Amino acid sequence: MLDKLSISLKTQKILDKALDEPLSYEDANYLINVGGSDLFALIATADYLRKEIVGNNVTFINNCNINFTNVCTVKCGFCAFARDLGDHDAYILTDEEILNKASRAVENGAREFCLMGGVLPDANIEYYEDLLKLLKNEFPNVLIHGFSPTMIYDASLKSEMDVDDSLKVLKRAGLDTLPGTAAEILTNRSRDLICPSKVNVSKWIDIVKSAHNIGIPSSATMMYGHVENIQERIEHLEILRNIQLETKGFTEFIPMTFMYEYSPIYNSGGKNLGATGTEDLKLYAVSRLMFRDLIPNIQVSWVKMGFKFAQISLTAGANDLGGTLGGDELSEASGAPDGVDASIEQLSNIVKDLGRLPIERNSKYTEFYPINY
């Protein structure tokens, strides 16, 4: 496959080996820096493995983001969404507003509520438990993908509960899957710069492992293109791989390119922010070669990249297009290039134009539904 490309012998040797076994940490650090024909060979190898592992289906979910508040006590340098409690545009949705948004989503075929928000000053585990029960009582068949490790840790402290016990309470109340958010970059150096008030690396790992061990699967995420260096991206991938080897609890990996235009770190003079397009593609390709079928589903974020570049990224090893979203105020506040709502038809057309088959899925990748477009 690679003999027609003028690539370096080292790159060819690594890619040939990657066809048969997971990419090593050292080789990943090498490939994440390649360019030219070596980059084309990397992308082609990742796309070949994608097809071998998951075939030509591209999955996505009909879902709805319910961001129940933008009030947040955790001040992250990358976040343009958070507000203080007294700000004129701060909000906390009422139960009625939450149910109205959920009802409209269900009328449009939603299979998942993504229940997220800021870290409220007084939100304890009972508060999150009540939110889950509110939705499950009305919509028992819709899966809830909710809360972040930071939110759960903070609420556990307020409730004076162990994280394990808190997760069990939330699972009984209807939490189906946990977003692997608040990961950003899993090195303490970068976290000290952009999100010092969030859980540190070891706490994030412990919370995610605890969720997996009690039967709550999660996504795995990375938000990159801010203060981290290239090697830290590979360190992050290696941490995720080691967790998955132990727990098998990640359903998908979601790299999220940093939208910096309205972020506090940019507006306070931050320089050289944002990943380039080639960096995006290399991250998708290297993650496919590192994870292979250990984390078989790699998701592109159309809301952060825009529809056109998300489509291109599906050729670099990815096989999932995320969700219809039904509103993503966090990305909207950061300047989402193509808005924060998509239809099943829009996502299907993106997939069909690649010559691949669009398939609707549930949160856990355990049920799949044919699309009649």
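A residue is called buried here when its relative accessible area is under 20%. By that criterion, 58% of the 373 residues of this protein, shown as a predicted model, are buried.

**The whole chain**

Begin with the complete protein in a cartoon representation, which displays 16 helices and nine strands. Aligned along the principal axes, the C-alpha atoms occupy a box of roughly 60 × 50 × 40 Å. The radius of gyration is 20 Å, which agrees with the value near 21 Å for a compact globule because the chain has 373 residues. Switching to a surface view shows an accessible area of about 15300 Å², and carbon and sulfur atoms account for 48% of this area. If contacts are drawn between residues at least 6 apart in sequence, 75% of them join residues at least 24 apart.

**Strand β3 and its neighbours**

Select residues 112–116, which form strand β3; five of its five residues are buried. With side chains displayed, Glu112, Cys114 and Met116 point one way, whereas Phe113 and Leu115 point the other way.

Next add residues 63–67, strand β2. This strand runs parallel to β3, and five bridges join the two. To locate the register, select asparagine 65, which stands opposite cysteine 114 of β3. Adding helix α4, residues 95–107, completes a right-handed β-α-β unit made of β2, α4 and β3.

Now select residues 143–146, strand β4, which pairs with β3 in the parallel sense over four bridges. Here leucine 115 stands opposite glycine 146 of β4. The chain passes from β3 to β4 through helix α5, residues 125–138, and this β-α-β crossover is also right-handed.

**Helix α10**

Move to residues 230–247, helix α10. Its end C-alpha atoms are 27 Å apart, which agrees with the 26 Å that 18 residues should span at 1.5 Å a residue. Colouring by burial picks out the buried residues of α10, among them Glu232, Arg233, His236, Glu238, Arg241 and Gln244. Ile234, Leu237, Ile239, Leu240 and Ile243 are also included in the buried set.

What do the buried residues of α10 pack against? Display helices α2 (25–31), α8 (188–194), α9 (201–213) and α12 (277–291), together with strands β5 (218–224) and β6 (250–257): the buried residues of α10 pack against these elements.

**Serine 218**

Within β5, select serine 218. This residue counts as buried because its relative accessibility is 0%. Leaving aside residues up to four places away in sequence, serine 218 touches Leu178, Val208, His212, Gly249, Phe250, Thr251 and Glu252.

**Leucine 23**

Finish in the loop between α1 (9–18) and α2, where leucine 23 lies. Is leucine 23 buried or exposed? Its relative accessible area is 3%, so leucine 23 is buried.

Add leucine 289 and draw a distance between the two C-alpha atoms: they are separated by 5.5 Å, although the residues are 266 apart along the chain. Leucine 289 is also one of the residues that leucine 23 touches. With residues up to four places away in sequence excluded, the other contacts of leucine 23 are Ile14, Ala18, Ala28, Leu31, Arg241, Val286 and Met290. Arg241 leads back to helix α10, where this residue is among the buried ones.

Terms used
Residues are numbered from 1 along each chain as its sequence is written. This is a predicted model: local features need pLDDT of at least 70, side-chain atom pairs count only at pLDDT 80 or more; totals for chains, interfaces and linings use all residues. Side-chain values use heavy atoms; hydrogens and water are left out. Buried means under 20% relative accessible area, exposed over 50%, partly exposed in between (1.4 Å probe, protein chains only). Two strands pair if DSSP finds at least two bridges between them. A crossover is right-handed if, with the strands pointing away from the viewer, the path from the first strand over the helix to the second runs clockwise. The radius of gyration is taken over C-alpha atoms; the globule rule is 2.2 Å times the number of residues to the power 0.38. Contact means heavy atoms within 4.5 Å. Accessible areas come from the Shrake-Rupley method with a 1.4 Å probe; for residues, only the protein chains shown count as cover. The expected span of a helix is 1.5 Å times one less than its number of residues.
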